[in-house]
Amino acid sequence: MTRSNQTWRRTSRDLCRLGAIGSFVMLILAVSTVWSGTGSEVEAASAGPLVVQGGPGTAAEGQTLTTGGSATAFTFQLPSGAACTGDSIGGYRVQSYMVPAAVDPQTLTFNFIGPVPLGSGASYRQLLYRSASGQSFFNVATGINDGLVLTLPGFDFASPRFVPGFVLPGTYNVGIMCTKSAGAVVDKYWNTQITFATSATDLPNGLTWVVSGGTTTTTTTTVAAATTTTVAAATTTTTVAAATTTTTVAAATTTTTTTVAGATTTTLAGAAGGTVTPAAPVPGGAYTATYPNCRVGETVTFSQPLSTPASVTATCAAVGNATASFTAAPLTAGSYTVNMVGSVSGTKTATFVITTAASPVAPAASIGGSPSGSSTGTIPATGSSTTAVVVWGILLLVFGRMALLLGRTPRVIATGR
């Protein structure tokens with residue numbers, strides 16, 4: 001064997017020994033990480049509470065909010081320097097979530113459409129949605145190198161995922177979370193609790209909310225000695241008697257009776273209530289409401305806050321009816337009322353029933369999600385602590401075996417002719 005071959009073997013042997021030593025050290029570190037629970041399997045912990053503020057660009061921007069409705073824009077004030085353990089190059093992403101208060105946020109997992117599984121009602125699991133665009137907020141990149149949670153957008157509860165029925169009245173955990181390895185492991189989370197209630201006057205989703213510990217202000221105005229008399233022009237009956245005169249006016253829920261001396265009795269009876277066609281619309285389906293026996297030419301206003309549109313104005317036609325069309329019924333099963341107010345003929349109501357609730361809708365893809373721009377929204381897996389153990393173990397075997405082979409004295413095998 002030539003001197004140059006001997007030099008090459010010694011150099012290669014020394015490099016393999018260094019590789020084996022380095023692999024052994026990394027294997028020990030990887031094993032200790034798994035056993036101590038400081039790697040990707042570490043149990044997540046709350047990184048602090050969130051402060052709810054007015055959304056960007058609103059009059060309440062930067063001000064602490066304690067209550068709002070479904071259309072109220074809000075955002076979160078994170079603690080100073082809030083950051084994931086690593087950055088997005090290392091597999092960390094920023095998520096949003098809303099789950100019932102009984103659900104521990106650190107038990108959540110995410111995939112390319114949000115928390116797994118998406119749910120409604122008692123099993124509610126959803127993302128938050130941006131107030132400006134309606135886009136879902138999940139799998140958002142962190143700051144490079146420092147893993148900082150970047151400036152949060154404004155959110156609201158105007159998305160169809162927040163209609164009553166999907167969101168039951170009660171208290172929910174709402175917040176921002178860091179995850180690792182395609183959302184399978186919770187790293188950190190910042191949480192606040194918000195209590196929701198249904199409201200017949202809130203638009204568009206009929207929900208109001210109060211931050212736990214927040215307060216609401218209720219103003220009640222009482223007007224004394226007020227009398228309301230409603231006269232509905234429908235049927236007139238005159239009866240002649242020889243003793244007293246009684247006038248009865250019937251409409252909606254108010255009845256006024258006046259008795260005077262005389263000889264006639266006059267009764268004005270209110271018309272029947274309105275109708276809805278079909279009487280049981282499909283969730284989110286179109287329907288019409290009809291106000292009967294109105295005065296031709298008068299204006300009738302129809303309102304149903306959980307339908308689309310929430311209010312419709314129609315004119316009483318020559319047949320004595322006014323009809324309004326709603327493009328979308330409520331999404332939740334239950335009984336609903338359409339209020340109808342005629343400018344002359346007074347108030348009537350019509351009821352309808354939604355027999356089955358609409359199914360939850362998978363959220364649209366997030367903007368500002370995975371930096372890779374994958375059409376499926378998935379994030380390449382970055383491995384786990386157990387994978388590191390296997391890799392470093394294999395490298396130790398390879399480098400060790402090569403070092404042993406290169407350290408042996410070459411054997412010369414004589415060959416005869």
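Are cysteine 84 and cysteine 178 buried or exposed? Both cysteine 84 and cysteine 178 are buried. The structure discussed here is a predicted model, and this report takes up its disulfides, its antiparallel sheets, its largest pocket and two positions of contrasting exposure.

## Disulfides

A disulfide is a covalent bond between the sulfur atoms of two cysteines. Searching the whole structure yields two disulfides. Counted along the chain, the bonded cysteines follow the pattern 1-2, 3-4. The table sets out the geometry of each pair.

| Disulfide | S to S | Torsion about the S-S bond | Handedness |
|---|---|---|---|
| Cysteine 84 and cysteine 178 | 2.0 Å | about -80° | left-handed |
| Cysteine 294 and cysteine 316 | 1.9 Å | about 90° | right-handed |

The disulfide of cysteine 84 and cysteine 178 has a sulfur separation of 2.0 Å. Its torsion of about -80° about the S-S bond is the reason the disulfide is described as left-handed. This pair links distant parts of the chain, 94 residues apart. Cysteine 84 belongs to the loop between β4 (74-77) and β5 (92-100), whereas cysteine 178 is placed in strand β10 (residues 170-180).

In the other disulfide, the sulfur atoms of cysteine 294 and cysteine 316 are 1.9 Å apart. The torsion about this S-S bond is about 90°, so the disulfide is right-handed. Cysteine 294 sits in the loop between β18 and β19 (299-303), and cysteine 316 in the loop between β20 (311-315) and β21; the pair therefore ties together parts that are 22 residues apart in sequence. Why does cysteine 294 count as buried? The relative accessible area of cysteine 294 is 8%, and the cut-off for a buried residue is under 20%. Cysteine 316 counts as buried too, because its relative accessibility is 3%.

## The three-stranded sheet

Strands of a sheet pair through backbone hydrogen bonds, either parallel or antiparallel. One open sheet consists of three strands in the order β17-β18-β21, with antiparallel pairing. β17 (275-277) and β21 (322-326) are at the edges and have a single partner strand each, so one side of each is left without a neighbour in the sheet. From one strand to the next, the twist averages 20°.

How many bridges join strand β18 to β21? Five bridges connect strand β18 (residues 287-291) with β21, and the two run antiparallel. Within this arrangement, threonine 288 is opposite serine 325 in β21.

## The four-stranded sheet

Another open sheet is formed by four strands in the order β20-β19-β22-β23, and here also the pairing is antiparallel. β20 and β23 are the edge strands, each of which pairs on one side only. On average, and with direction ignored, neighbouring strands of this sheet are turned by 20° against each other.

β19 pairs with strand β22 (residues 334-342) in the antiparallel sense over four bridges. Serine 303 has asparagine 339 in β22 as its bridge partner. Asparagine 339 also has a bridge partner in β23, namely threonine 349.

β22 and strand β23 (residues 346-354) are joined by nine bridges and run antiparallel. Three residues lie between β22 and β23, and the two strands form a hairpin. Across this hairpin, serine 335 has valine 353 in β23 as its bridge partner.

## The largest pocket

The volume of the largest pocket is about 310 Å³. Its lining comprises 20 residues, of which Val163, Pro204, Asn205, Leu306 and Thr308 are the closest to the centre. What is the make-up of the lining in terms of nonpolar, polar and charged residues? The lining divides into 14 nonpolar residues, six polar and no charged.

## Cysteine 16 and leucine 18

Cysteine 16 has a relative accessible area of 6% and is therefore buried. Leucine 18, in contrast, is exposed, with a relative accessible area of 58%. The cut-off for an exposed residue is over 50%.

Leucine 18 is part of helix α1 (residues 3-36). Leucine 18 and alanine 403 are 385 residues apart along the chain, and a distance of 9.1 Å separates their C-alpha atoms.

Conventions: Residues are numbered from 1 along each chain as its sequence is written. This is a predicted model: local features need pLDDT of at least 70, side-chain atom pairs count only at pLDDT 80 or more; totals for chains, interfaces and linings use all residues. Side-chain values use heavy atoms; hydrogens and water are left out. On a 1 Å grid over the protein atoms alone, a cavity is a set of points where a 1.4 Å probe fits but cannot get out, and a pocket is an open set with protein on both sides within 12 Å along at least five of seven lines; lining residues have an atom within 4 Å of a point. Grid points are joined across faces, edges and corners, and a volume is the space filled by probe spheres set on the points. Ala, Val, Leu, Ile, Met, Phe, Trp, Tyr, Cys and Pro count as nonpolar, Asp, Glu, Lys and Arg as charged, and the others, Gly among them, as polar. Two strands pair if DSSP finds at least two bridges between them. Axes are lines fitted to C-alpha atoms, for helices over the stretch in contact, and angles run from 0 to 180 degrees between N-to-C directions. A disulfide is a pair of cysteine sulfur atoms within 2.5 Å. Buried means under 20% relative accessible area, exposed over 50%, partly exposed in between (1.4 Å probe, protein chains only).
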